[in-house]
Amino acid sequence: MALRPKVELYCDGACLGNPGPGGWGFLLRLGPSEKEGSGFEPETTNNRMELLAAIRGLEALTKPCEVALFSDSQYVIKGIRSWLAGWKKNGWRKTDKQPVLNVELWQALDAQLQRHQVEAHWVKGHAGHAENERVDALANRAAHSV
């Protein structure tokens, strides 16, 4: 089996109000090559934008990769590391038997996690982490473009 390319994915979401206009942004890095992406929704939540940033970043990869995903969202990181397997096992219900919020986005993210080998890393937001600041700016610009 051929080795998968090793890619870094930095992703962030922003929302002007919660709910309100929102944006997402990502940065992909493979060696010296970089690719950015961003988008917006007119009425959304911060959690939805955080998820979309990760989904769109993974979708932008043209073939299966080994991905180091970096996000300042505990929601995304804990979902990937801890919650997702249980939700799937329980028919997309949480431990309290309530439906998982944003289920269609979690399912889209899960599809990308099946395609790629992803290791999720939490980074502290607004703490001077260069790539996190960069994707935060992308997400905020997109949110303000609505």
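Two strands pair where DSSP finds at least two bridges between them. Helices (H or I, at least four residues) and strands (E, at least two) are DSSP runs numbered from the N terminus. The views show a predicted model, in which local features need pLDDT of at least 70 and side-chain atom pairs count only at pLDDT 80 or more, whereas totals for chains, interfaces and linings use all residues. Residues are numbered from 1 along each chain as its sequence is written, and side-chain values use heavy atoms, with hydrogens and water left out.

**View 1. The open sheet and its strand order.** Five strands make up an open sheet in the order 3-2-1-4-5, and their pairing is mixed. Strand 3 (33-44) and strand 5 (117-122) form the edges, each pairing on one side only. From one strand to the next, the twist averages 20 degrees (angles run from 0 to 180 degrees between N-to-C directions, and axes are lines fitted to C-alpha atoms, for helices over the stretch in contact).

**View 2. The hairpin of strand 2 and strand 3.** Strand 2 (residues 20-30) pairs with strand 3 in the antiparallel sense, over 10 bridges. Among the residues facing each other across this pair, Leu 27 stands opposite Glu 36 of strand 3, and Leu 28 has Lys 35 in strand 3 as its bridge partner. The two strands form a hairpin with 2 residues between them, and in the turn Gly 31 has a positive phi of about 60 degrees.

**View 3. The parallel pairs on either side of strand 4.** Strand 1 and strand 4 run in the parallel sense over 6 bridges, and Cys 11 has Ser 71 of strand 4 as its bridge partner. Strand 4 also pairs with strand 5, again in the parallel sense and over 6 bridges; here the bridge partner of Leu 69 is Ala 120 in strand 5.

**View 4. A salt bridge from Lys 6 to Glu 66.** A salt bridge (a side-chain nitrogen of Lys or Arg within 4 Å of a carboxyl oxygen of Asp or Glu) joins Lys 6 and Glu 66, whose closest N and O atoms are 4.0 Å apart. The pair links distant parts of the chain, since Lys 6 belongs to strand 1 (residues 6-15) and Glu 66 to strand 4, 60 residues apart. By this rule the count comes to 9 salt bridges.

**View 5. Helix 1 beside helix 3.** The axes of helix 1 (residues 46-59) and helix 3 (residues 103-115) come within 9 Å and cross at roughly 30 degrees. Helix 1 is therefore roughly parallel to helix 3 (under 35 degrees counts as roughly parallel, over 145 as roughly antiparallel, 65 to 115 as roughly perpendicular and the rest as oblique). In the contact (heavy atoms within 4.5 Å), the residues of helix 1 include Leu 51, Leu 52, Ile 55 and Leu 58, and those of helix 3 include Trp 106, Leu 109 and Leu 113. The contact residues divide into 10 nonpolar, 1 polar and 4 charged (Ala, Val, Leu, Ile, Met, Phe, Trp, Tyr, Cys and Pro count as nonpolar, Asp, Glu, Lys and Arg as charged, and the others, Gly among them, as polar).

**View 6. Helix 2 against helix 3 and the sheet.** The axes of helix 2 and helix 3 come within 11 Å and cross at roughly 90 degrees, and these helices are therefore roughly perpendicular to each other. Tyr 75, Ile 80, Leu 84 and Trp 87 are among the residues of helix 2 that meet helix 3, where Trp 106, Asp 110 and Gln 114 are among their counterparts. This contact divides into 8 nonpolar, 2 polar and 2 charged residues. Helix 2 (residues 74-89) also lies across strand 4 (66-71) and strand 5, running at about 140 degrees to strand 5.

**View 7. Backbone details at Pro 19 and Asn 102.** A cis peptide bond, with omega of about 15 degrees, joins Asn 18 to Pro 19, and Pro 19 lies in the loop between strand 1 and strand 2. In the loop between helix 2 and helix 3, Asn 102 has a positive phi of about 60 degrees although it is not a glycine. Most residues other than glycine have a negative phi, and most peptide bonds are trans.
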